[in-house]
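Visitor: I'd like to learn how to read the space around a ligand and the gaps inside a protein. Could you walk me through an example?

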Amino acid sequence: MALSEKESVAGDIETTVSEEEARSKDGTCPRVLSQEELDGLRGERALVSDFKLMKLEKEAQKNWDLFYKRNTTNFFKDRHWTTREFEELKARREFESQRLVLLEAGCGVGNCIFPLLEDDRHIFVYACDFSPRAVEFVKKNPLYCPERCSAFQCDLTSDDLRENVPQGSVDIVTLIFVLSAVHPDKMTLALQNISRVLKPGGVVLFRDYGLHDHAMLRFKAGSKLGENFYVRQDGTRSYFFSKELLAELFAAAGLQSVANDYVLRETVNKKEGLCVPRVFLQSKFTKPGQSESS
Ligand SMILES: C[S@@+](CC[C@H](N)C(=O)[O-])C[C@H]1O[C@@H](n2cnc3c(N)ncnc32)[C@H](O)[C@@H]1O
């Protein structure tokens, strides 16, 4: 897959755009587009047929599973930035050895969880994905051990997480580049599912594609499935979020916004001599109610 179709892949270097450029003045707009980019977006035509839409939805799990068959564990980079970007992963404790329970929803092959497990001895991680192959890769990782991690297969939009995770037991849910892969009509179902296992006072840490990300502008008209929703060559799909829509989706699942901002980055691939502007949405939502420790 070429640079930037997915967010951060092996071989890419991500650089931070200066703070002035990184956030629009009032934090409400994603990246400002050039005339050429605007024309490209306006010129998008043909949405695909209902038949193709249904087929893609029916085969969503299969297409991600095939993605992991082709790429095994080599596609995404380990996400060593999570503790830097989300201080909750460290700070949500009253004392250093307090055990934190985390759910990585849509864990892929574990690029997010294994750096965390390596870094923090007092963390227990539930990790789920609807791709059976991805879950197998997680279980085969040398850092996987059942005392500290429980990986299981689950479609967030249709399988009740409570079959594997006790209700109201999770301190932190990480949702990293996952909701964008879910059909917009089913996003609320996934968030409601997550909300049921979150503790009152618990938090969802979210990062995903933002509106006008470079990957969105690269799609050709035939890849457009709906508003801000596209399909890649391999059948996996991607939604590009505005912060307003994201806040509405979480509110519909009973979760309150704590932070919700666009983050601008540049992804550089030295080998291919490319530098492209990225837009991500980074957000935190909390479940109302008091945590037991507060
Ligand atoms: C871009 S990967 C991100 C993986 C991981 N969160 C990370 O940060 O490396 C998106 C993952 O979401 C999973 N996924 C997509 N839709 C899902 C659903 N409805 N239920 C569970 N997992 C899903 C895919 O199988 C894929 O592994």
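Guide: Sure, let's begin with the make-up of the ligand's surroundings. The shell here holds 11 nonpolar, four polar and four charged residues. Keep in mind that this is a predicted model.

Visitor: Which residues come nearest to the ligand?

Guide: Of the 19 residues around the ligand, those are Tyr68, Arg79, Gly106, Asp129 and Asp155.

Visitor: And what about polar contacts to the ligand's nitrogen atoms?

Guide: For those, look for pairs of N or O atoms within 3.5 Å. The side chain of Asp155 puts an N or O atom 2.9 Å from a ligand nitrogen. Glu104 has a polar side-chain atom 3.0 Å from a nitrogen of the ligand, while Ile176 uses a backbone N or O atom, also at 3.0 Å from a ligand nitrogen. As for cover, the ligand on its own has 600 Å² of accessible area, and the protein covers 98% of that.

Visitor: How do I look for empty space?

Guide: Rolling a probe the size of a water molecule over the atoms shows where empty space is left. In this model, the largest pocket is the space taken by the ligand.

Visitor: How many cavities of 30 Å³ or more does a search of the whole structure find?

Guide: One. The largest cavity contains about 30 Å³ of space, and its lining is made up of Thr83, Leu89, Lys90, Leu116, Asp119, Asp120 and Ile123. Helices α6 (88-91) and α7 (113-119) are the elements that each give two or more residues to that lining.

Visitor: What kinds of residues make up the lining of the largest cavity?

Guide: Three are nonpolar, one is polar and three are charged.

Notes
Residues are numbered from 1 along each chain as its sequence is written. This is a predicted model: local features need pLDDT of at least 70, side-chain atom pairs count only at pLDDT 80 or more; totals for chains, interfaces and linings use all residues. Side-chain values use heavy atoms; hydrogens and water are left out. A residue is near a molecule or strand if one of its heavy atoms lies within 4 Å of it. A polar contact is a pair of N or O atoms within 3.5 Å; within protein, one must be able to donate a hydrogen and the other to accept it, and residues adjacent in sequence count only if both atoms are side-chain atoms. Accessible areas come from the Shrake-Rupley method with a 1.4 Å probe; for residues, only the protein chains shown count as cover. On a 1 Å grid over the protein atoms alone, a cavity is a set of points where a 1.4 Å probe fits but cannot get out, and a pocket is an open set with protein on both sides within 12 Å along at least five of seven lines; lining residues have an atom within 4 Å of a point. A molecule sits in a cavity or pocket if more than half of its atoms lie within 2 Å of its grid points. Ala, Val, Leu, Ile, Met, Phe, Trp, Tyr, Cys and Pro count as nonpolar, Asp, Glu, Lys and Arg as charged, and the others, Gly among them, as polar. Grid points are joined across faces, edges and corners, and a volume is the space filled by probe spheres set on the points. Helices (H or I, at least four residues) and strands (E, at least two) are DSSP runs, numbered from the N terminus.
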